[in-house]
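Thanks for coming. I have one structure to go through today, and I will keep to what can be read off the coordinates.

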Amino acid sequence: MRYVLIGNSAGGIAAIEAIRECDKKGEITVISDEPRIFVRGKPHINYSRPLISYLLGEKVTLDKMPYRGEDFYKDNRVELILNRKATKLNLKKKEVVLAGDRKLPFDKLLIAAGGMPVIPEIKGLNSGGVFTFTRLADARNIKNYIRTNKVKEAVVVGGGLIGLKATEALMELKIKVVIVELADRVLSATFDKKASSIIENALGRKGCELITNNTVVEIKGKNKRAEGVILKDGKKISASLVIVAVGVRPNIELVKNTPIKTNKGILVDAFLQTNIKDIYAAGDCCEAEDLLLEMKRPIAIWPAAVRQGKIAGFNMAGARKEYPGSFAMNSVELCGIPTISVGETYPEGKGYQVLECFDQKNSVYKKIVLKNNKVVGAIFVSDIERAGIYTGLIKDKVDAASFKEHLLKEDFGLISLPKEYRKHLVAGEVAVI
Amino acid sequence: MVKRIYIREEYCMGCRLCEVHCLVQHSKTKNIIKAYKGEYPKPIPRIIVEEKGYVSFALQCRHCEDAPCLEACITGAMYRDKKTGAVLCDEDKCIGCWMCIMVCPFGVISRNIEGKKIASKCDLCVGEEVPVCVKNCPNEAIVCEEEK
Amino acid sequence: MAKRPTPTEFIIERDEGKCIACQVCVRMCSNDAHSYDPETDTVTSDSTKCVGCHFCETICPTGAIIIKRNPSEFKLNANWSAQVIRNITKQAETSGVLLTGMGCDKPYPVYWDHIVLNASQVTNPSIDPLREPMELRTYIGRKPDRIELTAHSPQSTEKNKIPSAMDYRLLTKLSPQLKLETPILFSAMSYGSISLNACISLARAAKEIGTFYNTGEGGLHKDLYEYGAHTIVQVASGRFGVHREYLEAGAAIEIKIGQGAKPGIGGHLPGEKVSEEISQTRMIPVGTDALSPAPHHDIYSIEDLKQLIFALKEATRYSKPVGVKISAVHNVAPIASGIVRAGADFVAIDGLRGGTGAAPTVIRDNVGIPIELAIAAVDNRLREEGIRNQASLIAAGGIRSSSDVIKAIALGADAVYIGTAALVAMGCNLCQRCYTGKCNWGIATQDPYLTKRLNPDIGTRRLVNLLRAWSLEIKEMLGGMGINAIESLRGNREQLRGVGLSDTDLKLLGIKPAGEAW
């Protein structure tokens, strides 16, 4: 059996582990367009993408970037092709064509190509000092650019997760940052207004300027160096570094013009298989089931990518496992404030019940969203302890009618849950709830 | 054979001795008096005791077979020990992003923000024959048994 | 009105160098003797609240707590002891009857400690119980006056063949018996006076060892029915929890007339202890006081007792032994004789030092006679009347060790009941505050915060260990005497000698003084 995996991050690595659990013999080949990095002469052959902001902010050193150790590929007997892009799929021949025309035949293929930064239409994007921020190379390039150009001011386009993590990293490097966000607040995709306001205030306290309801239309530069940006309303901001972080979209380039069905991402069934037999997809490039919305959509988060990679790997290796679905969630610490958001955090429409407690002074916010007495979403700012219990309730769709009033209490815990469910959780006993 | 910790809430007295011994086990000196009186930052226990009315129970990492924290960990710090089956956190690698806290349905991973931010969780007392919470529970409300 | 302060009975000594303010003691003390001050991050103790149960001392992880008797208090006075002064003060304040728990703690002579056992030397060989069979099995119940056998196998009539035991058939119909693998039973302790977890521990231990526990007048909780084959169900003056299934569930029935700790008075379970579960088990409304009258209101004579004995035998179709429990009082011998003649299959006698969950101190400490004298008197009397075989004799009240057991049997008992010793095995330290319902060990309480402290797995294990240890010691002592069955020791007072006893004591006990040969 020849397994070919495109992508060497969360989805790809999880798939390797799953395949090797079931199939010790098959050949596994992993293709990645990421280069090999050398740290003090030692090669690192994978890294954790979410860590790039930590690297930029000098909270993590390069040697801490690998997600799996050096021996991972050797131990799992994986052939690794780095620094090479898969350019074409030949479905009839069951081949992946690599840049440089090398052809790789496969019996089972996993596409875990991840996401791509969305590039908005801005004039002057090609001037120096303009970066996206999704890869290790971006972090290193930005760092070099800052050093050589002695950057003091930067503009971050986009107040989403990537934009804010980039901002935080830049502020660590004592650079003054202006965030320009199209929406009326930061983190509008996952947070509600109160949660956003806490982060906005914290950013403000740290000296970061936030411009909302606005966007960059042009980047002015001289001698291949950015000097400033012009906003939609004509306002000018001087900055020698511009980070474009308006979002990511599934990387589906490879399957374009193939019979593999796509929407925003590559469409997969409950077994992570595409509409073409033996071709699977996982991670940020695919569109799998959203457990809460009960529809398919890309959920570009790490845990979902790992789970999808794992399930895809199992299915590729012949162990039939179903993907239970996932839902949006994230945990981010911004300006020293830990935050967690899960599920439907900003419900619109009827039938929702919202429980919340908000202590702006201490930056503490807790919000629970219920629908038909089931928890469907939650936001935690500052006080995130035991947030996973709520995530569990969302996942298991537990009827919360009997303990609803305890949800926001200080001492909320498993003890607040119905005894049968608690016992089931703790002892793994079968529970009827 | 993987051993698992089972909790028997009907016999938990709520004394929290498990917490005390867990804290000591994860202190620098492993000496109960020094751990409480001489170590700064004060070590934190990795076991949680929940109490409501007369019901109480201790809870620590279940070392789930299908552990969501393993999947959620972005650094690869969370790993399963091949020998014991325990889910452990490589504190050197952990950056304190709290993804694991977000997904742990038992709420048994906590933030250790004294010094470097790291996720703090039960490690089944690596090196000990029996985890100290089990060994020191005066009423056998925490027991370590081979997986049922 | 402010209470006049009196010196506390105990002093809680906290070694500040060792105290880590973990607050385990604070959480565990049901008397709130310890408290935590978050401002100073220290734990302090209020000795006035301490009852001396030593739970905190046992559980403190650093050994920082020592409970001491208060050494400095009143001027030393042999007549007016601190306890006497404290009692008077309490009564002057409350005008109440002083209550207490457990058995009499006054220093009456303990005859066990003045009786020594014999051992074989040269002329008769001792037996090593680890190498040779040693029989502790004991049957409780009426034994026939004589037995009739018939040869039933045709082969046995063959010439020259020595018939084997299998060739005979017993013609005599035997009375129902309780089979004990060791001559020790657990005394009557009701569900109500002790927690369900304590009852479960006793029941499971009885089952594991092959002996019996006794329900007391608490009825039989639904969870205990499965241990019916190891249960003696009690019928007492309040008749609480007595119904057909109850009587049928037990292996034997005991009519309780009296209790060593409180001869002549009834029982009282306060309404606050009558929880839903207890109410169902005792068949009384939740929250009502469970009052057991002093006498059975239908028993005013031996004849009345006989009616109840036979009513119970009828009700259970003569399938199980029916016995009677009385406290050891002055007239214990003739009363026991009457009981045997009334048809009881066993007589349980509870001595002066027998325990209780709650009794007036004055009764507990001043009424009744020591069990040692009662055993001797009853055994003598029944022998003299030629009816000793008609009932078994179970001795109770202050059996503390295997040597007490073996001495009781040599004095004439068939078996013994242990209550206090069983409680101690489960954790009790005899603080004597059972009546408060705040037992920190989870034994004498119904408070759900406290009852869970007794894990029946542990309780059972400890009780089983105790009985195993005692049984082993009994075997060792028997072997030393050259006896290989406990049956052969029963009433064998030649194996006993008195040390430091008066002639009268010796006469009453029916034993020779130490130094006197056979």
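I will start with how the chains touch, then go through parts of chain C, and end on one loop in chain A.

Please keep in mind throughout that this is a predicted model.

First, the chains. Two pairs of chains touch, and the pair with the most contacts is A and B. Chains A and C do not touch, and their nearest C-alpha atoms are 15 Å apart.

In the contact of A with B, 35 residues of chain A meet 26 residues of chain B. On the chain A side, the elements that give two or more residues are helix 7 (302-316), strand 24 (329-334), strand 25, helix 8 (387-396) and helix 9 (419-427) of chain A. Which of these gives the most? That is helix 8 of chain A, with five residues. By residue class, the side of chain A that touches chain B has 20 nonpolar, seven polar and eight charged residues.

The contact of C with B takes 16 residues from chain C and 17 residues from chain B. Here the elements of chain C that give two or more residues are helix 1 (24-28), helix 13 (448-451) and helix 14. Helix 1 of chain C has the largest share, three residues. The side of chain C that touches chain B divides into nine nonpolar, two polar and five charged residues.

Helix 14 of chain C, which I just listed at the contact with chain B, also packs inside its own chain. Its partner is helix 4 of chain C, residues 196-209, while helix 14 of chain C spans residues 456-481. The two axes come within 8 Å and cross at roughly 45°. How do the two helices lie relative to each other? An angle between 35 and 65 degrees falls outside the parallel and perpendicular ranges, and helix 4 and helix 14 of chain C are therefore oblique to each other. The crossing is right-handed. From helix 4 of chain C the contact residues include Ala198(C), Leu202(C), Ala205(C) and Ile209(C). From helix 14 of chain C they include Pro456(C), Leu463(C) and Leu467(C). In this contact nine residues are nonpolar, four polar and two charged.

On spacing, a general point: an α-helix has 3.6 residues a turn, so residues three or four places apart point the same way.

Next, the covered elements of chain C. Strand 20 of chain C, residues 392-396, has five of its five residues buried. Which residues sit on which side? Ser392(C), Ile394(C) and Ala396(C) are on one side, with Leu393(C) and Ala395(C) on the other, and both faces are covered. In general, side chains in a regular strand alternate between the two faces of the sheet.

Strand 20 of chain C pairs with strand 18 of chain C in the parallel sense over five bridges, and Ala348(C) stands opposite Ile394(C). Strand 20 of chain C is also joined to strand 21 of chain C, residues 415-418, by two bridges, again running parallel. There, Ala395(C) has Val416(C) as its bridge partner.

Two helices of chain C are also mostly covered. In helix 8 of chain C, residues 332-341, seven of ten residues are buried, among them Val332(C), Ile335(C), Ile339(C) and Val340(C). What covers these buried residues? The cover includes helix 7 (302-315), strand 17 (322-327), strand 18 (346-350) and helix 10 (371-384) of chain C. After helix 8 of chain C comes Gly343(C), with a positive phi near 105°.

In helix 11 of chain C, residues 402-411, nine of ten residues are buried. The buried set includes Asp404(C) and Lys407(C) along with Val405(C), Ile406(C) and Leu411(C). Just after helix 11 of chain C, Gly412(C) has a positive phi of about 140°.

There is also an open sheet of three strands in chain C, in the order 6-22-23, with mixed pairing. Its edge strands are strand 6 (115-117) and strand 23 (512-513) of chain C. Strand 6 of chain C runs antiparallel to strand 22 of chain C, residues 496-498, and three bridges join them. One opposed pair is Leu117(C) and Leu496(C).

Last, the loop in chain A. Tyr346(A) lies between strand 25 (337-343) and strand 26 (352-359) of chain A. Is Tyr346(A) buried, exposed or partly exposed? Burial needs 20 or more other C-beta atoms within 10 Å and exposure 12 or fewer; Tyr346(A) has 18, so it is partly exposed. Its C-alpha atom is 9.2 Å from that of Ser188(A), which is 158 residues away along the chain.

How values were computed. Residues are numbered from 1 along each chain as its sequence is written. Chains are lettered from A and ligands numbered from 1 in the order in which they are written. This is a predicted model: local features need pLDDT of at least 70, side-chain atom pairs count only at pLDDT 80 or more; totals for chains, interfaces and linings use all residues. Helices (H or I, at least four residues) and strands (E, at least two) are DSSP runs, numbered from the N terminus. Axes are lines fitted to C-alpha atoms, for helices over the stretch in contact, and angles run from 0 to 180 degrees between N-to-C directions. Angles under 35 degrees count as roughly parallel, over 145 as roughly antiparallel, 65 to 115 as roughly perpendicular and the rest as oblique. A crossing is left-handed if the near helix is turned anticlockwise from the far one by less than a right angle, and right-handed if clockwise. Two residues are in contact if their C-beta atoms, placed from the backbone, lie within 7 Å. Ala, Val, Leu, Ile, Met, Phe, Trp, Tyr, Cys and Pro count as nonpolar, Asp, Glu, Lys and Arg as charged, and the others, Gly among them, as polar. Two strands pair if DSSP finds at least two bridges between them.
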